[in-house]
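Open the model in your viewer and keep the sequence panel in sight. Each stop below says what to select and what is there.

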Amino acid sequence: MFSIDDRVVATKGIELGTMVVTGLSAGGFYVHVTVDGMTLTYPAQDLKKA
């Protein structure tokens with residue numbers, strides 16, 4: 001499970017480098033991340049800690 005401000009990288013999809021966790025969905029299935037001023041949402045299974 002991830003926590004706010006954790007550093008993560010994508011294991012699937014577009015590789016954008018290290019991203020910062022900014023939020024989690026209620027069930028924990030989706031993780032909101034920020035990279036280069038953009039906020040994105042990834043499935044938690046497609047991320048790993050950096």
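A residue is called buried under 20% relative accessible area, exposed over 50%, and partly exposed in between. Leu24, at 33% relative accessibility, therefore counts as partly exposed. Keep in mind that this is a predicted model.

**Stop 1: the nonpolar patch**

Stay on Leu24. Its place is in strand E2, residues 19-24. Now add Met1 and Ile4 to the selection. Together with Leu24, Met1 and Ile4 make a nonpolar surface patch of about 320 Å².

Centre on Ile4. This residue sits in the segment before E1. Is Ile4 buried or partly exposed? Ile4 has a relative accessible area of 47%, so it is partly exposed. Show what surrounds it. Leaving aside residues up to four places away in sequence, Ile4 touches Val21, Thr22 and Gly23. Then draw a distance from the C-alpha of Ile4 to the C-alpha of Lys49. The two are 12 Å apart in space and 45 residues apart in sequence.

**Stop 2: Asp5**

Step on to Asp5, also found in the segment before E1. Check its backbone. Asp5 is not a glycine, yet its phi is positive, about 75°. What is its accessibility class? With a relative accessible area of 57%, Asp5 is exposed.

**Stop 3: Asp6 and the salt bridge**

Select Asp6. It belongs to the segment before E1. Buried or exposed? Asp6 has a relative accessible area of 16%; the limit for buried is under 20%, so Asp6 counts as buried.

Show the side chain of Asp6 and the backbone of Ser3. A polar atom of the Asp6 side chain lies 2.8 Å from the backbone nitrogen of Ser3. Next, display the contacts of Asp6. Beyond residues up to four places away in sequence, Asp6 touches Met19, Val20, Val21 and Lys49.

How many salt bridges does the structure hold? It holds one. Select Lys49 with Asp6 to see it: their side chains meet in a salt bridge, 3.6 Å from N to O. Lys49 lies in strand E5 and Asp6 in the segment before E1, so the pair ties together parts that are 43 residues apart in sequence.

**Stop 4: strand E1 and its partners**

Select residues 7-10, which form strand E1. Follow E1 towards E2. The two strands run antiparallel and are joined by two bridges. Find Arg7, which stands opposite Val20 in E2. Move to Val8, whose bridge partner in E2 is Met19.

Now look from E1 to E5, residues 47-49. How many bridges pair E1 with E5? There are three, and the pairing is antiparallel. Pick Val9 to see one of the pairs: Lys48 in E5 stands opposite.

**Stop 5: the loop between E1 and E2**

Go to Glu15, in the loop between E1 and E2. Glu15 has a relative accessible area of 47%, so it is partly exposed. Show its side chain together with the backbone of Gly17. The Gly17 backbone nitrogen lies 2.7 Å from a polar atom of the Glu15 side chain.

**Stop 6: E2 and E3**

Select E2 again and add strand E3, residues 30-35. Four bridges join E2 to E3, and the two run antiparallel. Which residue of E3 is the bridge partner of Gly23? It is His32.

Follow the chain through the hairpin of E2 and E3. Five residues lie between the strands. Stop at Gly28 in this hairpin, where phi is positive, near 80°.

**Stop 7: the loop after E3**

Finish at Asp36. Its place is in the loop between E3 and strand E4, residues 38-43. Check the backbone angle here. Asp36 is a residue other than glycine with a positive phi, near 50°. Then colour by accessibility. Asp36 has a relative accessible area of 73%, so it is exposed.

**Views to save**

Save one view of the nonpolar patch of Met1, Ile4 and Leu24. Save another of the salt bridge between Lys49 and Asp6. For a third, show E1 with its antiparallel partner E5.

Methods:
Residues numbered from 1 in each chain as written. Predicted model: local features only at pLDDT ≥ 70, side-chain atom pairs only at ≥ 80, totals over all residues. Heavy atoms only, no water. Patch = residues over 30% accessible without salt bridge, like charges linked within 9 Å, V, L, I, M, F, W, Y side chains within 5 Å. Areas by Shrake-Rupley, 256 points an atom, 1.4 Å probe, with all protein chains shown as cover. Salt bridge = Lys/Arg side-chain N within 4 Å of Asp/Glu carboxyl O. Buried < 20%, exposed > 50% of the residue type's maximum accessible area, 1.4 Å probe, protein only. Pairing = 2+ DSSP bridges. Polar contact = N/O pair within 3.5 Å; in protein donor to acceptor, adjacent residues only side chain to side chain. Contact = heavy atoms within 4.5 Å.
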